[in-house]
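I set out to record how the helices pack and how the strands pair in this model. The entries below follow the order in which I looked things up.

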Amino acid sequence: MRDPYEVLGVPRGASAAAIKSAYRKLAKRHHPDNNKNDPKSAARFSEINTANEIVGDEDKRKQYDRGEIDAEGKPRFQGFPGGDPRGRGGPGGGFDARQFRSGGAGPGGLGGSQFEDILNSMFGAAAARGARTGAGNAFEFDSGGTALDLDLNVALTVSLEEAVKGAEKRVRLPTGKELNVKIPAGVTAGQQIRLKGQGENAPGHRPGDLLITVGIAPHALFKVDGSDLRVELPITLYEAVLGGKVRVPTLGSAVELSIPKNTSSGRTFRLRGKGLPMPTGTTGDLFVTTRIMLPDGNDSELEALMQKWRDAHPYNPRGDLS
């Protein structure tokens, strides 16, 4: 994973507002729905989301700047007290268990007794016994030693329709590897999908898992409210006054809604079973809110009609506000 500041194209001293603005611009530009012919857009979008999760969060940003977590949000090994918090080797630097070597003393090396003393102080006697002796042999933990975090975390954004019906998406891992992942029908925002053995590898350890956190992209028409959906329905002035049947979009095929006479703007209707599927096997509802839309431009006939009607039928809908 690249440096999150580099991914978002902002300096380390950027303000929270600047980071938020950069993220929004990049997310809009690289959203998979806007780049359907670009197979790399999903990976780029995932990288942008991961970067924003780090530097867009005040606490995680401070942790990252202090070297406590890496670009994926994973904790870094802190090393010896007083060492480099970023875990870098070298004089006065931190300690990386994967780079530690056993064997005789020498430049950059430690004698056997020193080696065991350090391991005993850090990991206990069991870890020291887990070191394989012999010049030049790489240090390894036994099965009772400290486990490495080999899991990989990836964010994946799907459309609302894909979340409801399921889909197959291509995911690019931080390692550069690409996988086809089946998204189950009915997945919800924030849900994690675990793929066993698809994480990182290290000698002497089981392969890590791939954890995919699913996000649902904003929809052009519908707003998600738990298992329910909400949509605004534009209606004409004469449909509001006279009533009539109006076609309403759903995630499936459109349905007809009967608008009663004298319907005000903002009135909400409930269409049962037209929302999102729930784990219980039932389905949420679709809430339709009317919005009265006047014709574009000036209409002299409509104005004359309203003036005549106003003079004959005055009323004040704001009476309760005074």
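Entry 1, H3 against H4. I began with the axes of H3 and helix H4 (residues 58–65), which come within 5 Å and cross at roughly 90 degrees. I note that the model is predicted. Angles from 65 to 115 degrees count as roughly perpendicular, and H3 and H4 are therefore entered as roughly perpendicular to each other. For the contact I listed Glu53, Ile54 and Val55 on the H3 side, and Lys60, Arg61 and Tyr64 on the H4 side. I sorted these residues by character and found three nonpolar, three charged and no polar.

Entry 2, H2 against H3. I next looked up how helix H2 (residues 16–30) lies against helix H3 (residues 41–55): the angle is about 165 degrees and the axes are 9 Å apart. An angle over 145 degrees counts as roughly antiparallel, so I describe H2 and H3 as roughly antiparallel to each other. What is the handedness of the crossing of H2 and H3? I recorded the crossing as left-handed. H2 contributes Ile19, Tyr23, Leu26, Ala27 and His30 to the contact, where they meet Ser41, Arg44, Phe45, Ile48, Asn49, Asn52 and Val55 of H3. The residues of this contact divide into seven nonpolar, four polar and one charged. I also noted that Val55 of H3 is listed in the contact with H2 and in the contact with H4.

Entry 3, salt bridges. I obtained a count of 18 salt bridges. Among them I looked up the one between Glu47 and Arg44, whose closest N and O atoms are 3.2 Å apart. How many residues apart are Glu47 and Arg44 in helix H3? They are three residues apart, which means a separation of about one helical turn. Arg44 is also listed among the H3 residues that meet H2.

Entry 4, the three-stranded sheet. I turned to an open sheet of three strands in the order S1-S5-S4, with mixed pairing. Strand S1 (152–158) and strand S4 (192–195) are its edge strands, each pairing on one side only. On average, neighbouring strands of this sheet are turned by 25 degrees against each other, direction ignored. I then followed S1 to strand S5 (residues 210–216): the two run parallel and are joined by seven bridges. Which residue in S5 is the bridge partner of Ala155? I found Thr213 as the partner.

Entry 5, the four-stranded sheet. I found a further open sheet, with four strands in the order S6-S7-S11-S10 and mixed pairing. The edges are strand S6 (223–225) and strand S10 (268–271), and each pairs on one side only. Here the neighbouring strands are turned by 35 degrees against each other on average, with direction ignored. Between S6 and strand S7 (residues 228–236) I recorded three bridges in the antiparallel sense. Asp225 has Asp228 in S7 as its bridge partner.

Entry 6, S8 and S9. My last query concerned strand S8 (residues 244–248) and strand S9 (residues 255–259), which run antiparallel and are joined by five bridges. How many residues does the hairpin that joins S8 to S9 pass through? I recorded six residues in this hairpin. For Arg247, I looked up the bridge partner in S9 and found Glu256.

How values were computed:
Residues numbered from 1 in each chain as written. Predicted model: local features only at pLDDT ≥ 70, side-chain atom pairs only at ≥ 80, totals over all residues. Heavy atoms only, no water. Pairing = 2+ DSSP bridges. Axes fitted to C-alpha atoms, helices over the stretch in contact; angles between N-to-C directions. Parallel < 35°, antiparallel > 145°, perpendicular 65-115°, else oblique. Left-handed = near helix turned anticlockwise from the far one by under 90°. Contact = heavy atoms within 4.5 Å. Nonpolar A, V, L, I, M, F, W, Y, C, P; charged D, E, K, R; others polar. Salt bridge = Lys/Arg side-chain N within 4 Å of Asp/Glu carboxyl O.
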